[in-house]
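Please look through the sequence and the coordinates shown here before reading on, and keep both at hand while following the explanation.

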Amino acid sequence: MSANHSPQTASQRFAWMATVVASTLVFIFLMAPILAIVPLSFSSSTYLTYPLPGLSLRWYEDFLGSARWMNALKNSVIIGVASSMLSMALGTLASLGLAQWKSKWKPLVLAIVLSPMVVPVVITAVGVYFFFAPLGLTGNYLGLILVHTALATPFVVITVSATLQSFDMTLAKAAASLGAPPLLTFRKVILPLILPGLASGALFAFATSFDEVVTVLFLAGPEQRTLPREMFSGIRENISPTITAVAVVLTVISVCMLSTLEILRRRNERLKGNAE
Amino acid sequence: MTAAFVAGADVPLKRRLKRAERARQFRALGLVLPLLAFLLFTFVVPLAGMIWKSADDWEVPQVMPQTVAALEHWNGQGLPDEAAFAALAADMRTAREAGTLAVAAKRLNYIVNGYRTTLLSTARKLKEQPAPGTAKETMIGLSPAWGERESWTAIKSASGPVTSYYLLAAVDLTRNADGAIVAAPPDQAIYRDVFIRTFTIGFGVTALCLILGFPVAYLLANLPTGRSNLLMIFVLLPFWTSLLVRTCAWIVILQSEGIVNGSLQWLGVIDEPMRLIYNRFGVYMAMTHVLLPFMILPLYSVMRGISPAYMRAAASLGAPPATAFLRIYLPQTIPGIGAGCLLVFILAIGYYITPALVGGAADQMISSFIAFYTTETVNWGLASALGAVLLLSTLVLAVVYGKLALGRQTTGGLKN
């Protein structure tokens, strides 16, 4: 229903122009932080001001050469990969189940499954901190992976469920009628078709964990500090140009994830188009 | 095919189908169970535990069991009997040796300021000199505080197993020595202000997001798909950028030697740098930036579904454009406005990181107090009580949101 906007009268044209101008200003507001910080990371000066006295890559060298930042990067990747794999496994199974399950309890179960997305993270962090501390799950990877999995799973369930909703179940029935056992049907028919949806789910999960800092503040020991956690202390103390370099690296990672997601979405739409 | 044959085969087939369906439902539930069990362990039980902590009153019963038992039948009038004084002295000796007295002292100090000193100094003196007279005389001799009813009602009110102290404190109430609920003393009555501040910032951010988000959503919804997809990048890229990156960038832009102040000074508009960050302005700026996509996406998805035919019909019937917009278009966007506002508000009132980094001391929201009492002063009861109040507010709003969003059969654009 994306009819081309074709203003006719002068006042309509004026209103449309006003919308365009207002939106442009908002787009500038939305992009301002990214636009401001990228050039600064290439500055040769230690002061975070414009105009730049000269260009250099010293802050990127600083980042790559710092044991503290590299350890944080390693931690972020370990926790992000582990929690996205775990939330993929749990979330995909649950989505497959929820797609078929009919019960009066379903809304309640759905509410529980999606609630980590709604409850303020600080409350989750405090609750988990009280609960995990006596179990020895603070100050190590396992506790962080578990809580990041809990926070990421709703996004997996939403993404995978949406994919399953658009999946044509007659294909599975066709496979079954041709004699394929359920597992084979899943592997050969369902899985290839919902794979883009699964990949987007995994990406959402990874992004959730990769950007999460509140639970890390409560649960991580000095050895498990992640990139956002190091940035948090860095911003608190004093913003050094190295942080701007880290910020740009993180932004590039976000751009890559966003593009991958867009490619997956297009592919999914194409597949849907073929199926129909 | 005869009728008899069909009727004969009909019943078992029906039963077989039913059985197959039941097995299918069972399998489906089996697929959901691992996640439910996982969330029970990592989310539901921890939250329930936190809520329990807001009412749990374990310190005094555990550290001073004899005193608690001795005070059980004390009616709260006058001073308790000799047995209670003796029990208190005995409990103090035991607790001091076990090193647990400080735990009870901390709990009792919440009720009566200075209790900590009274308790610890009495226990210290109690060890130095053996009691010559009655326990009552000795105790009052060591500290006149034991001759006051207030000291004893404090122990009685903290003798568990549950207390309303923390939950009342979270809304600036307390119990006086007679057990009646009264307003908390002014130096402790800060949380109502903090909640009001939290909701004020939440409303402010929501309003700003609506004002800024509406034209953008309208533009995106009314452009040809190709161009709107392209412009959508401007919404989604900041959305996907790390929260810390964006917060850091706002500090770089707004700080006193930052980009805005630098440019304005260079242009000669201002002489002294303006204070744009570490205050309320900075909080509004950064939080609106973070939450704006959560407003634009649900608005956009609703506006996309509004047929332009309605507006054309209104125009053809002679409605001026402004009237047509207000009476025909705007009412159709209400579900999107509702969903977007609720979503932004729910997320805003739980914010911790952004206000902590770009706000001043007077801009800290309820989350930051929860974190403070958890990690800094280790007043877990109060942290839990504040958390329980915030959780309740959030869940009520989330249920409203769920009803709204389910009515529209969407996920409300949550990271979607």
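What follows takes up confidence, then chain A, then the contacts between the chains, and finally chain B.

This is a predicted model, and the scores reported for it are ipTM 0.89 and pTM 0.89. For chain B the mean pLDDT is 87, with 94% of its residues at 70 or more. One stretch of chain B calls for caution, namely residues 409-416, over which pLDDT stays under 50, although the model does give this stretch 17 contacts beyond four places in sequence.

Turning to chain A, the secondary structure consists of 11 helices and 0 strands, so that the order along the sequence reads α-α-α-α-α-α-α-α-α-α-α. The C-alpha trace of chain A spans about 70 × 70 × 30 Å along its principal axes, and its radius of gyration is 23 Å, where a compact globule of 276 residues would have a value near 19 Å. Buried residues account for 44% of the 276 residues in chain A. When contacts within chain A are restricted to residues at least 6 apart in sequence, 77% of them join residues at least 24 apart.

How many residues of each chain take part in the contact between chain A and chain B? On the side of chain A there are 80 residues, and these are in contact with 79 residues of chain B. The elements of chain A that give two or more residues to this side are α1 (10-41), α3 (67-100), α4 (106-114), α5 (121-132), α6 (141-166), α8 (182-210), α10 (227-237) and α11 (241-275). Among these, α1(A) supplies the largest share, with 18 residues. By residue class, the side of chain A that touches chain B divides into 60 nonpolar, 17 polar and 3 charged residues.

For chain B, an unreviewed UniProt entry places the feature "transmembrane region" at residues 28-52, 194-218, 230-253, 281-302, 337-358 and 378-401. Two of these annotated spans can be set beside the coordinates of the model. Residues 28-52 of chain B are 100% helix and 0% strand, and the C-alpha atoms at the two ends of the span lie 33 Å apart. Residues 281-302 of chain B are likewise 100% helix and 0% strand, with 31 Å between the end C-alpha atoms. The placement of the spans comes from the UniProt record, whereas the helix content and the end distances are computed from the model, as for residues 28-52 and residues 281-302 of chain B.

Note on methods: Residues are numbered from 1 along each chain as its sequence is written. Chains are lettered from A and ligands numbered from 1 in the order in which they are written. This is a predicted model: local features need pLDDT of at least 70, side-chain atom pairs count only at pLDDT 80 or more; totals for chains, interfaces and linings use all residues. Two residues are in contact if their C-beta atoms, placed from the backbone, lie within 7 Å. Helices (H or I, at least four residues) and strands (E, at least two) are DSSP runs, numbered from the N terminus. Ala, Val, Leu, Ile, Met, Phe, Trp, Tyr, Cys and Pro count as nonpolar, Asp, Glu, Lys and Arg as charged, and the others, Gly among them, as polar. The radius of gyration is taken over C-alpha atoms; the globule rule is 2.2 Å times the number of residues to the power 0.38. A residue is buried if 20 or more other C-beta atoms lie within 10 Å of its own, exposed if 12 or fewer, and partly exposed in between; C-beta atoms are placed from the backbone. UniProt positions are given in the numbering used here, feature names are shortened, and annotations may be inferred rather than shown by experiment. pLDDT is the predictor's confidence in each residue, from 0 to 100.
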